[in-house]
Amino acid sequence: MAETKTVKLTSPDRVLFPEDGVTKGDVFDYYRRVGPTIVPHLRDRPFTMKRYPHGITGEAFFQKQAPRGMPDWIPTRQFRTWPREGGSRLVDFPLMNSAEAVLWMVQMNCVDMNAWYSRVDKPDRPDFVLFDLDPPEDGFPLAIEVAHLIHELLDGLGLPGYVKTSGADGIHVVAPITRRSTFQQTYEFAERASRLLERRHPGKVTTEWLKKKREGVLVDHRQNGHGKTIASVYSVRPKPGAPVSTPLRWDELTKDVRPRDFTMEAALARIERHGDLFAPVLEEPRPLAPAAKVLSALYD
């Protein structure tokens with residue numbers, strides 16, 4: 001007999017978003033409704049908890065190790081990690097393989113759902129290349145323009161790209177790939193593509209890490225690395241207004257779009273209307289090698 005999965009929500013009236021009055025109960029209800037759509041994007045990916053026990057304006061902390069008291073029906077997988085402070089350690093990562101597992105993380109005061117780019121059966125083989133766009137202050141319209149430049153480049157390389165608001169201040173462009181390439185290969189591909197765009201569009205695109213030296217939108221290829229996490233599509237983000245990381249069709253990414261437009265209710269309404277616009281990221285991967293070969297010729 002299958003084990004019953006139940007999650008008891010405590011402190012539903014705790015305000016997590018003080019500017020907006022959004023409570024833990026509101027976030028729980030959103031993830032309950034979005035569960036069937038978000039779980040396929042999280043399934044079998046090592047998960048990092050980012051916990052906000054005092055709301056989004058309080059101190060938050062990351063937790064990779066599955067906490068004591070986690071229900072037995074949330075599976076874990078063990079991987080070695082290399083913390084910044086040095087050395088290595090074995091970590092039992094939770095896996096968000098059910099809607100109830102996601103709800104349990106909300107009960108643990110997680111707001112956004114952060115998971116690896118790879119899955120447990122092939123942890124060294126990512127599912128996608130990520131282009132993480134970080135605009136300067138008030139530079140979101142420019143980030144929209146740069147996202148379209150990335151889309152155009154990827155199209156020319158025969159690699160479809162899919163776009164979502166990060167839900168924070170940027171944009172994510174994701175190119176789904178077959179699980180044959182390594183993280184080193186996806187990193188090199190993203191770096192080469194970003195530097196090519198920087199060369200073609202100076203002042204609009206930059207790969208400069210230091211903010212004071214930056215001019216334009218940072219396309220951060222460094223986010224393509226083993227063990228890196230991304231706030232999943234349909235994640236609520238810890239920003240005023242409780243915006244959601246929302247997928248868009250390319251023709252919807254117009255210059256007037258803003259991340260805060262996509263509230264929890266708006267994201268749910270879009271799923272009702274369009275279905276899961278990010279389903280192709282899971283269902284239609286392309287091999288990276290041919291695209292990398294074309295890119296290499298363009299770059300050189």
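**Exercises on overall form and aromatic pairs**

The protein chain has 300 residues, for which a compact globule would have a radius of gyration near 19 Å; the chain has 19 Å, which agrees. The radius is taken over C-alpha atoms, and the globule rule is 2.2 Å times the number of residues to the power 0.38. This is a predicted model, in which local features need pLDDT of at least 70 and side-chain atom pairs count only at pLDDT 80 or more, while totals for chains, interfaces and linings use all residues. Residues are numbered from 1 along each chain as its sequence is written, and side-chain values use heavy atoms, without hydrogens and water.

**Exercise 1.** State how many aromatic pairs there are, and classify Tyr30 with Tyr31.

*Solution.* Rings of Phe, Tyr and Trp (its six-membered ring) pair if their centres lie within 6.5 Å; planes under 30 degrees apart are stacked, over 60 edge-to-face and the rest tilted. The count by this rule is 5 aromatic pairs. For Tyr30 and Tyr31, the centres are 5.2 Å apart and the planes stand at 70 degrees, so the pair is edge-to-face.

**Exercise 2.** Classify the pair Phe79 and Phe93, and determine whether Phe79 is buried or exposed.

*Solution.* The ring centres of Phe79 and Phe93 are 6.4 Å apart with planes at 55 degrees, so this pair is tilted. Buried means under 20% relative accessible area, exposed over 50%, partly exposed in between (1.4 Å probe, protein chains only). Phe79, with a relative accessible area of 13%, is therefore buried. Phe93 has 1% and is likewise buried. Finally, ring pairs link Phe79, Phe93 and Trp116 into a cluster.
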